[in-house]
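Please open the model in your viewer and keep the sequence panel beside it, since each stop below begins with a selection.

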Amino acid sequence: MLMPETNNINEVYPDAILNISRETASVFQLKRRFERKPSMLNLTPLFQREQVWNLKQKSELVESIIMGIPIPVFYVKEQDDGVYVVVDGKQRLTTLFEFINNEFALGKLSILKNYKGKHFSELSPLDQNKIEDCTLTINVIKAPTSDRVMFDLFDRVNRGGTRITNQEMRNALYQGNATRLIDRLSKMDVFTYVTEGGASPKHMKDRLIVLRFIAFYMWQQQISRDVDSGALLDYRSNIEDFLGKTMSFLNSLDPQDRLLTKLEDVFVSSMVNAAEYILPLGGFRLSTDGSQRRLRPLNMSFLESFCYLISQHNFSSDEEAREVYFRLLNNRDYISSITVSIDSRSQVEKRYNAISEVLNSLT
């Protein structure tokens with residue numbers, strides 16, 4: 001049985017809501033929770049990291065448990081249905097579950113050298129019990145903790161290690177229609193072509209760019225709603241909550257909802273138009289000076305806002321595209337809005353006002 005213990009750390013976030021409960025559970029208890037049908041422990045198969053643990057890392061984790069070395073705390077997000085989504089500790093839990101299932105043998109170890117080559121079933125009953133009965137500490141993040149606070153929390157606990165990006169975390173926490181749609185769109189050849197290799201799947205930068213386009217498109221079209229209040233989703237200078245609430249809204253839809261198909265059609269149409277008319281002009285890297293432009297990083301807010309313009313007005317000629325493209329690049333307010341404090345409310349409004357002005361002139 002999981003044993004909860006209140007963990008009041010409001011002093012860390014005096015001006016924000018943070019609801020965390022500390023629990024303990026054995027490896028065996030968590031494995032049983034994971035293997036239930038339906039599973040009550042989500043190891044997030046879509047939560048892709050650049051690397052998975054190698055045999056040395058796996059073996060050293062098992063070695064540490066046998067030696068009685070404490071294991072670092074785990075973090076999970078509790079869903080409304082009681083399922084725990086593992087957002088920090090996936091590799092450790094996966095390793096332990098796989099080892100108990102005899103899916104790998106221990107590699108070369110620095111201390112318990114005579115354990116090399118052994119599967120779980122080949123360990124002594126005492127060592128098997130040490131692994132299955134090992135008590136793990138779990139910090140359970142509960143509602144109404146906001147995404148902004150939660151992401152900052154993970155930034156703190158992961159300093160010095162491999163940083164889990166906010167998009168990787170969103171991908172773990174909001175699985176459903178949103179993750180399936182974003183994953184599909186990010187893998188389209190036309191998107192890869194338009195972004196010129198600047199939307200790397202490493203740490204899900206490609207998915208972040210796709211999500212930003214979808215989120216701001218729906219916001220401008222007054223489509224997205226706050227699932228909790230039912231009100232139209234507003235933008236309040238909090239990009240993390242905005243993107244998370246967008247994904248939550250998409251997940252609340254029926255999988256056959258026409259909006260999901262429409263968003264895919266709008267995205268593809270915009271990318272195709274951008275590939276034909278915008279990429280030859282310089283694409284979405286701000287410098288237009290030949291080879292130097294390609295050394296500049298892809299500008300996400302440039303792509304997200306300009307492709308919104310394209311979603312509302314498909315260019316019909318090279319001349320029209322060129323006029324609009326360079327009109328915006330010569331607009332100081334627009335350039336400022338995509339280069340400085342790009343996610344503040346004032347800058348977001350500034351760039352979409354610039355886009356609206358152009359659209360009005362084209363009608």
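Helices here are DSSP runs of at least four residues, coded H or I, and they are numbered from the N terminus. With that in mind, select residues 55-67, which form helix H2, and within that helix pick out serine 64. This is a predicted model, and in it serine 64 counts as buried because its relative accessibility is 19%, where the cut-off for buried is under 20%. Keep serine 64 selected and add leucine 112, which lies 48 residues away in sequence, while the C-alpha to C-alpha distance between the two is 9.6 Å.

Next, turn to the largest pocket, whose volume is about 880 Å³. Its lining comprises 25 residues, and a useful selection for finding the centre is Lys77, Asp80, Tyr174, Asp228 and Ser248, the lining residues that lie nearest to it. Two elements, strand E4 (74-78) and helix H10 (239-252), each contribute two or more residues to this lining, and H10 supplies the largest share, with 5 residues. If you colour the lining by class, you should find 10 charged, 8 polar and 7 nonpolar residues.

Finally, colour the chain by pLDDT, for which the mean is 87, with 87% of the residues reaching 70 or more. Then select residues 1-15, where the pLDDT is below 50, although this stretch has 28 contacts in the model beyond near neighbours in sequence. Where pLDDT is low, predicted coordinates should not be read in detail.

Technical notes
Residues numbered from 1 in each chain as written. Predicted model: local features only at pLDDT ≥ 70, side-chain atom pairs only at ≥ 80, totals over all residues. Heavy atoms only, no water. 1 Å grid on protein atoms, 1.4 Å probe; cavity = no way out; pocket = protein on both sides within 12 Å on 5 of 7 lines; lining within 4 Å. Points joined across faces, edges and corners; volume = space filled by probe spheres on them. Nonpolar A, V, L, I, M, F, W, Y, C, P; charged D, E, K, R; others polar. Buried < 20%, exposed > 50% of the residue type's maximum accessible area, 1.4 Å probe, protein only. pLDDT = per-residue confidence, 0-100. Contact = heavy atoms within 4.5 Å.
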